[in-house]
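Me: I would be grateful for a close look at one part of this structure, followed by an account of its surroundings. Please explain each step in terms that a first-year student can follow.

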Amino acid sequence: MKKLYPLFSMLIFMTCAPALKITDYKPNIYRSEFTNPDSIFIPKPEIVDTYSKKGNYPYMHKNGFKSFEITKSKTVKNKDSIFANELKFYATYSSFYTRKSMYEKFGNWDKNLSIRGERTPFLIWKKVKLFPEKEKYFYVVTGGHECTTCDVDLKSIYASVIVLDENKNDCLTDKNPQLKKEIIALFSDGIKNLTNSEEFYGKFWGLVLKNKIQ
């Protein structure tokens with residue numbers, strides 16, 4: 001039986017962990033500073049073939065996605081120990097799109113989360129101000145999945161995100177439809193406006209290799 005992994009206590013999403021005050025972390029509201037800003041641009045969206053060119057949907061979307069869906073996470077729980085909703089963007093060119101989008105807007109992540117069955121860790125940002133015009137802060141967990149052994153279909157590759165508010169309430173439920181809509185729009189636009197910068201990947205793979213050596 002596959003074991004489910006709730007987000008561990010140090011990330012404070014579990015009910016047994018003490019709630020953090022908003023002063024415990026400095027809010028992160030600044031866009032990443034690129035090393036070579038003059039060479040950075042936003043590539044034009046493009047639909048390309050998958051490597052195998054087989055399957056029900058043998059295409060990937062650069063700076064885009066085919067569709068999105070909200071499903072139950074198998075990893076992160078809200079304050080009531082209920083698995084949180086996970087927003088998935090399907091047929092992205094990279095499963096890192098939501099991770100890179102957060103990095104380009106808010107800089108370095110606070111924690112990484114290794115999950116059994118996934119080759120790369122999910123990334124967590126704590127106390128981020130997703131919407132500059134609102135005095136609200138969020139926990140953001142970004143991840144994704146690439147199936148390298150299954151037949152190619154619409155869901156073979158996706159980038160995903162989970163958002164909890166500062167009280168660890170799930171922000172992708174129908175309890176607050178306006179906020180849910182704004183989060184979907186925020187990350188949809190984030191994927192479409194990713195730059196050509198490789199800065200995120202350099203830091204991310206540096207982290208992965210460092211963890212393998214240790």
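Reply: In this predicted model, Ala91 has a relative accessible area of 2%. Buried means under 20%, so Ala91 is classed as buried. Its place is in the loop between strand 4 and helix 1. The backbone of Ala91 deserves attention as well: its phi is positive, about 60°, although Ala91 is not a glycine.

The two elements on either side of this loop may be taken in turn, beginning with strand 4. Strand 4 covers residues 83-90, and Asn85 is found in it. Asn85 has a relative accessibility of 11% and therefore counts as buried. A polar atom of the Asn85 side chain lies 3.1 Å from the backbone oxygen of Leu172. Leu172 is also among the residues in contact with Asn85 once neighbours within four places in sequence are set aside. The others on that list are Ile70, Thr71, Lys72, Val161, Ile162, Asp170 and Thr173.

Leu87 offers a link to another element. Its C-alpha atom is separated by 7.7 Å from that of Ile184, although the two residues are 97 apart along the chain. Ile184 lies in helix 2, which spans residues 177-192. Because its relative accessibility is 13%, Ile184 counts as buried. Leaving out residues up to four places away in sequence, Ile184 touches Leu87 and Phe89, and also Phe68 and Ile70. Ile70 thus appears among the contacts of Asn85 and among those of Ile184.

Before strand 4 comes the loop that joins it to strand 3 (67-77), and Asn78 is found there. Asn78 is buried, because its relative accessibility is 10%. The side chain of Asn78 reaches the backbone nitrogen of Asp80 at 2.9 Å. Ser81 is found in the loop between strand 3 and strand 4 as well. Ser81 has a positive phi of about 60° and is not a glycine, and Ala91 likewise has a positive phi of about 60°. As for exposure, Ser81 is partly exposed, because its relative accessibility is 32%, whereas Ala91 is buried at 2%.

On the other side of Ala91 is helix 1, residues 97-106. Nine of its 10 residues are buried, so this helix is largely enclosed by the rest of the structure. The buried residues are Tyr97, Thr98, Arg99, Lys100, Ser101, Met102, Tyr103, Glu104 and Phe106. After helix 1 comes Gly107, with a positive phi near 80°.

Tyr103 leads to a group of aromatic residues. Together with Phe96, Trp109, Trp125, Phe200, Tyr201, Phe204 and Trp205, Tyr103 forms one aromatic cluster. Counting rings whose centres lie within 6.5 Å of each other as pairs, the structure has 16 aromatic pairs. One of them joins Phe200 and Tyr201, which meet edge-to-face at 5.3 Å centre to centre, with 65° between the planes. Both of these residues are buried. Aromatic rings also have charged groups over them: Lys62 lies over the face of Tyr93, 4.8 Å from the ring centre, and the charged end of Lys134 sits over the ring of Phe131 at 5.2 Å from its centre.

Trp125 belongs to this aromatic cluster, and strand 6 takes in residues 122-128. Strand 6 and strand 7 run antiparallel and are joined by four bridges; Val128 has Phe138 in strand 7 as its bridge partner. Strand 7 comprises residues 138-146, and seven of its nine residues are buried, so it is largely enclosed by the rest of the structure. Nine bridges join strand 7 to strand 8 (residues 157-165), again in an antiparallel arrangement. Within this pairing, Thr142 stands opposite Val161 in strand 8. Val161 is also one of the residues in contact with Asn85, which returns the account to strand 4.

These details may finally be placed in the whole chain. The chain contains three helices and eight strands, in the order β-β-β-β-α-β-β-β-β-α-α. It has 214 residues, of which 47% count as buried. The chain exposes about 11,900 Å², and carbon and sulfur atoms supply 53% of that area. Among contacts with a separation of 6 or more, 64% are between residues 24 or more positions apart.

How values were computed
Residues are numbered from 1 along each chain as its sequence is written. This is a predicted model: local features need pLDDT of at least 70, side-chain atom pairs count only at pLDDT 80 or more; totals for chains, interfaces and linings use all residues. Side-chain values use heavy atoms; hydrogens and water are left out. Buried means under 20% relative accessible area, exposed over 50%, partly exposed in between (1.4 Å probe, protein chains only). A polar contact is a pair of N or O atoms within 3.5 Å; within protein, one must be able to donate a hydrogen and the other to accept it, and residues adjacent in sequence count only if both atoms are side-chain atoms. Contact means heavy atoms within 4.5 Å. Accessible areas come from the Shrake-Rupley method with a 1.4 Å probe; for residues, only the protein chains shown count as cover. Rings of Phe, Tyr and Trp (its six-membered ring) pair if their centres lie within 6.5 Å; planes under 30 degrees apart count as stacked, over 60 as edge-to-face and the rest as tilted. A charge sits over a ring if NZ of Lys or CZ of Arg is within 6 Å of the ring centre and within 35 degrees of the ring normal. Two strands pair if DSSP finds at least two bridges between them.
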